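This report describes the fold and the ligand surroundings of one protein chain. Please look at the sequence and the structure below before reading on.

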Amino acid sequence: MTLQGNVALVTGASRGIGAAIAKALAARGAAVAVNYFGSEAAARAVVDEIIAAGGRAMAVRADARDRAQVEAMAATVRSQLGPIGLLVLNASIGFPMTGILDYPWEGFEAKLTGELGAAFHGCRAVVPQMLERKGGSIVAITSGLARNPGWGFVAHSSAKAGLEGFVRALAYELGPMGIRVNAVAPGLTLTDATAQIPEQHKQAAANHTPLRRNGRAEDIAEAVVGILEAGFVTGATIPVNGGGYVF
Ligand SMILES: NC(=O)c1ccc[n+]([C@@H]2O[C@H](COP(=O)([O-])OP(=O)(O)OC[C@H]3O[C@@H](n4cnc5c(N)ncnc54)[C@H](OP(=O)(O)O)[C@@H]3O)[C@@H](O)[C@H]2O)c1
């Protein structure tokens with residue numbers, strides 16, 4: 001799978017890990033659609049940075065949880081950049097953080113349908129374009145919390161574990177059509193999503209990690225680029241966590 005000249009759609013690419021993935025893909029010669037939901041200015045800044053560096057990019061708004069919006073986004077990207085060959089399912093779907101006895105069912109349900117809906121709608125909209133190209137590569141951003149529990153993360157762990165099952169099911173089904181599907185599971189990574197975590201906790205996570213630091217968005221992007229390219233890897237979940245398996 002060559003990135004040069006390919007077309008990538010990265011969901012939730014206005015900030016954090018998604019923004020780093022968009023820039024990394026553009027640096028390797030892919031034309032990149034930078035999806036955003038609420039942060040238009042940030043998405044445009046990512047696009048401007050890519051274009052200033054000599055790359056090709058566009059910003060496109062859609063709520064990744066909404067089927068009609070995702071289908072319209074895929075059609076817009078196709079008409080402006082060409083058929084999509086690379087899809088990164090990264091949009092961050094929020095969730096309440098509390099113990100199971102207080103957990104609001106509505107919050108649990110919204111996380112599950114949001115996370116899995118975003119993956120379902122993204123693939124349903126983009127896979128036909130990949131078939132036109134006679135191949136493609138999909139990476140879903142899951143989480144170490146899919147396998148290693150943390151207090152308050154019941155919805156997140158459940159949704160990300162579901163996403164890993166989705167990845168394996170699609171890898172099985174789409175492999176014969178030349179489409180690979182993998183998951184990248186970050187550990188604690190320094191983005192807006194983790195900005196509220198106390199410094200002490202971040203340090204503890206780093207101390208539990210053989211590489212003795214927290215992840216950076218660029219670390220995750222580097223792994224995503226590698227797995228998008230790796231032609232004989234499918235149905236895999238790649239932990240990107242500095243060797244730390246707790247966070
Ligand atoms: N940070 C970590 O420690 C960590 C660890 C494991 C896994 N992850 C996973 O990595 C992914 C990225 O997380 P992050 O830390 O980079 O988060 P972040 O810095 O909070 O950024 C979240 C991104 O998701 C977008 N987004 C939110 N809701 C959306 C929606 N409904 N439709 C489309 N886009 C939406 C945001 O767009 P707008 O701002 O435009 O709304 C933003 O670009 C997530 O899937 C997260 O679960 C993160």
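## A pair of strands

In which sense do strand β2 and β3 pair, and over how many bridges? The model examined here is a predicted one. Strand β2, which covers residues 31-36, pairs with β3 in the parallel sense, and six bridges join the two. Within this pair, Ala31 stands opposite Arg56 of β3.

## The sheet as a whole

Both strands belong to an open sheet of seven strands with parallel pairing, arranged in the order β3-β2-β1-β4-β5-β6-β9. At the edges stand β3 (56-61) and β9 (237-240); each has a single partner strand, so one side of each is left without a neighbour in the sheet. On average, and with direction ignored, neighbouring strands of this sheet are turned by 20° against each other.

## Helices on the sheet

Which strands do the helices α3 and α4 touch? Helix α3 packs on the sheet and touches β1 (7-10), β2 and β3. The direction of α3 makes about 155° with that of β3.

Helix α4 also packs on the sheet, where its contacts are with β1, β4 (86-89), β5 (136-141) and β6 (179-186). The direction of α4 makes about 180° with that of β4.

## The contact of α3 with α4

The two helices also pack against each other. The axes of α3 (residues 67-81) and α4 (residues 105-132) lie 8 Å apart, at an angle of about 30°. Because angles under 35 degrees count as roughly parallel, α3 is described as roughly parallel to α4. Their crossing is right-handed.

On the α3 side, the contact consists of Arg67, Val70, Glu71, Ala74 and Arg78. These residues meet His121, Gly122, Ala125, Val126 and Gln129 in α4. By character, the residues of this contact divide into four nonpolar, three polar and three charged.

## Around the ligand

How many residues lie around the ligand, and which come nearest? There are 28 residues around the ligand, and those that come nearest are Gly12, Gly16, Phe37, Ser39 and Thr191. Two elements, α1 (16-27) and β2, give two or more residues to this shell. Of the elements, α1 gives the most, with three residues.

The shell around the ligand is made up of 10 nonpolar, 14 polar and four charged residues. Strand β2 thus appears twice in this account: β2 pairs with β3 in the sheet, and β2 also contributes to the shell around the ligand.

Notes:
Residues numbered from 1 in each chain as written. Predicted model: local features only at pLDDT ≥ 70, side-chain atom pairs only at ≥ 80, totals over all residues. Axes fitted to C-alpha atoms, helices over the stretch in contact; angles between N-to-C directions. Helix = DSSP H or I, 4+ residues; strand = E, 2+ residues; numbered from the N terminus. Parallel < 35°, antiparallel > 145°, perpendicular 65-115°, else oblique. Left-handed = near helix turned anticlockwise from the far one by under 90°. Contact = placed C-beta atoms within 7 Å. Nonpolar A, V, L, I, M, F, W, Y, C, P; charged D, E, K, R; others polar. Pairing = 2+ DSSP bridges. Near = placed C-beta within 6 Å.
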